[in-house]
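Welcome! Work through the exercises below at your own pace, and try each task before reading its solution.

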Amino acid sequence: MLAARVVKLGGNELDRPGWLAECALAVKRVEPVVVVHGGGQAITAWSARLGLPAEKRDGLRVTTPEVAAVAEMVLAGPVNRQVVGALRAAGVDAVGLSGVDGGLLAARRAPGELGHVGEITAVRAALLESVLLAGLTPVIAPVAPDADAGGLPFNVNADHAAAAIAAALRAAELLFVSDVPGVSVGGVTQREIAATEIEGLIASGVARDGMAAKLRAAAAALAAGARAVRIGDLSLLGSSTAGTRILAAVTQAA
């Protein structure tokens, strides 16, 4: 199995062509890589054009079936093409996929009152490994079919999708890349945060919304098999010490 990294690109930054081009050049330097992208701003913009509501709870989008249809169209369509195009322009042999393609992802309805939002139940890791072994870089749009019912794919939080993929691949590292240098506590970017601290940071309001979702996804990835996780900006792709490293919870021997 290749010691690949999983790189999750923040959806809020994808509207900035300069940032995306710089990111693509940085990704080229750390191959082999699986890229997972968000696209929240694009979904919100298209939903507004169609008169659909935009609501989030704890950093997760509340998704009606109508919004889920928009999410599939936007994430697997123009947003995925935009990321693939930027990577290919940087010399990365990228290929776009959604969680539906090849049965790559399977999901079930997520708990809570989030509507048509899914949580990943299975990742077809062998498919990703085959793509990587062929010298290609998969770029994944985070929508996933219901493992049992089929029909309209679930909208899946991109952080959570990246975590599930990193765990299934036992990735060398999962990198959450956005425009913030890391997890800030009291105005200071932390070099390390233990997984056991995460719920306390969220409960106290130190980590909110999208950062809360990233931290929970990071802890889940480590617990399920990813070897390392960092949160930060583009410097993550050029330095092994940049950003905030999330430390796995230590399992006590019985």
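Contact here means heavy atoms within 4.5 Å. Keep in mind as you go that this is a predicted model.

**Exercise 1. Contacts of a strand residue**

Task: Find out where Thr-137 sits, whether Thr-137 is buried or exposed, and which residues Thr-137 is in contact with.

Solution:
- Step 1: Place the residue. Thr-137 belongs to strand β8.
- Step 2: Check the accessibility. Buried means under 20% relative accessible area. Thr-137 has 2% relative accessibility, so Thr-137 counts as buried.
- Step 3: List the contacts. Setting aside neighbours within four places in sequence, Thr-137 is in contact with Glu-31, Val-33, Val-35, Val-92, Asp-93, Ala-94 and Val-95.
- Step 4: Look at the side chain. The side chains of Thr-137 and Glu-31 are joined by a polar contact of 3.3 Å.

**Exercise 2. The sheet around that strand**

Task: Work out the order of the strands in the open sheet of eight strands, and say which strands stand at the edges.

Solution:
- Step 1: Read off the order. The eight strands of this open sheet follow the order β5-β8-β2-β1-β11-β15-β16-β14, and their pairing is mixed.
- Step 2: Go to the two ends. β5 (94-98) and β14 (192-194) each have a single partner strand, so one side of each is left without a neighbour in the sheet.
- Step 3: Consider the twist. With direction ignored, neighbouring strands of this sheet are turned by 20° against each other on average.
- Step 4: Zoom in on one edge. β5 pairs with β8 (residues 137-141) in the parallel sense, over five bridges. Within this pair, Gly-96 has Val-139 in β8 as its bridge partner.
- Step 5: Add the helix. Helix α4 (residues 125-133) packs on the sheet and touches β2 (33-37), β5 and β8. The direction of α4 makes about 140° with that of β8.

**Exercise 3. An enclosed strand**

Task: Explain why strand β11 is largely enclosed by the rest of the structure, and find the strands to which bridges join β11.

Solution:
- Step 1: Count the buried residues. In β11 (residues 173-177), five of the five residues are buried, so this strand is largely enclosed by the rest of the structure.
- Step 2: Sort the residues by direction. Glu-173, Leu-175 and Val-177 point one way from β11, while Leu-174 and Phe-176 point the other way.
- Step 3: Look to one partner. Strand β1 (residues 5-9) runs parallel to β11 and is joined to it by five bridges. Here Val-6 has Leu-174 as its bridge partner.
- Step 4: Look to another partner. β15 (residues 229-232) runs parallel to β11, with four bridges between them. Leu-174 stands opposite Val-229 in β15.

**Exercise 4. Three residues to classify**

Task: For Asp-159, Asp-101 and Arg-208, decide which is buried, which is partly exposed and which is exposed.

Solution:
- Step 1: Recall the limits. Buried means under 20% relative accessible area, exposed means over 50%, and partly exposed lies in between.
- Step 2: Take Asp-159, found in helix α5 (residues 158-169). Its relative accessible area is 3%, so Asp-159 is buried. Not counting residues up to four places away in sequence, Asp-159 touches Lys-8, Phe-176, Gly-210, Ala-213, Lys-214 and Ala-217.
- Step 3: Take Asp-101, in the loop between β5 and β6 (105-109). A relative accessible area of 35% makes Asp-101 partly exposed. The C-alpha atoms of Asp-101 and Val-143 are separated by 9.9 Å, and the two residues are 42 residues apart along the chain.
- Step 4: Take Arg-208, in the loop between α6 (198-203) and α7 (209-224). Arg-208 has 55% relative accessibility and counts as exposed. Its side chain reaches the backbone oxygen of Gly-205 at 2.8 Å.

**Exercise 5. The whole chain**

Task: Say how the radius of gyration of the chain agrees with that of a compact globule, and describe the chain as a whole.

Solution:
- Step 1: Count the elements. The chain has seven helices and 16 strands.
- Step 2: Compare the radii. A compact globule with 254 residues would have a radius of gyration near 18 Å, and the chain has 17 Å, which agrees.
- Step 3: Add the extent. The C-alpha trace spans about 45 × 40 × 40 Å along its principal axes.
- Step 4: Turn to burial. Of the 254 residues, 50% are buried.
- Step 5: Finish with the surface. The chain exposes about 11200 Å², and 53% of this comes from carbon and sulfur atoms.

Conventions
Residues numbered from 1 in each chain as written. Predicted model: local features only at pLDDT ≥ 70, side-chain atom pairs only at ≥ 80, totals over all residues. Heavy atoms only, no water. Pairing = 2+ DSSP bridges. Helix = DSSP H or I, 4+ residues; strand = E, 2+ residues; numbered from the N terminus. Axes fitted to C-alpha atoms, helices over the stretch in contact; angles between N-to-C directions. Rg over C-alpha atoms; globule rule 2.2 N^0.38 Å. Buried < 20%, exposed > 50% of the residue type's maximum accessible area, 1.4 Å probe, protein only. Areas by Shrake-Rupley, 256 points an atom, 1.4 Å probe, with all protein chains shown as cover. Polar contact = N/O pair within 3.5 Å; in protein donor to acceptor, adjacent residues only side chain to side chain.
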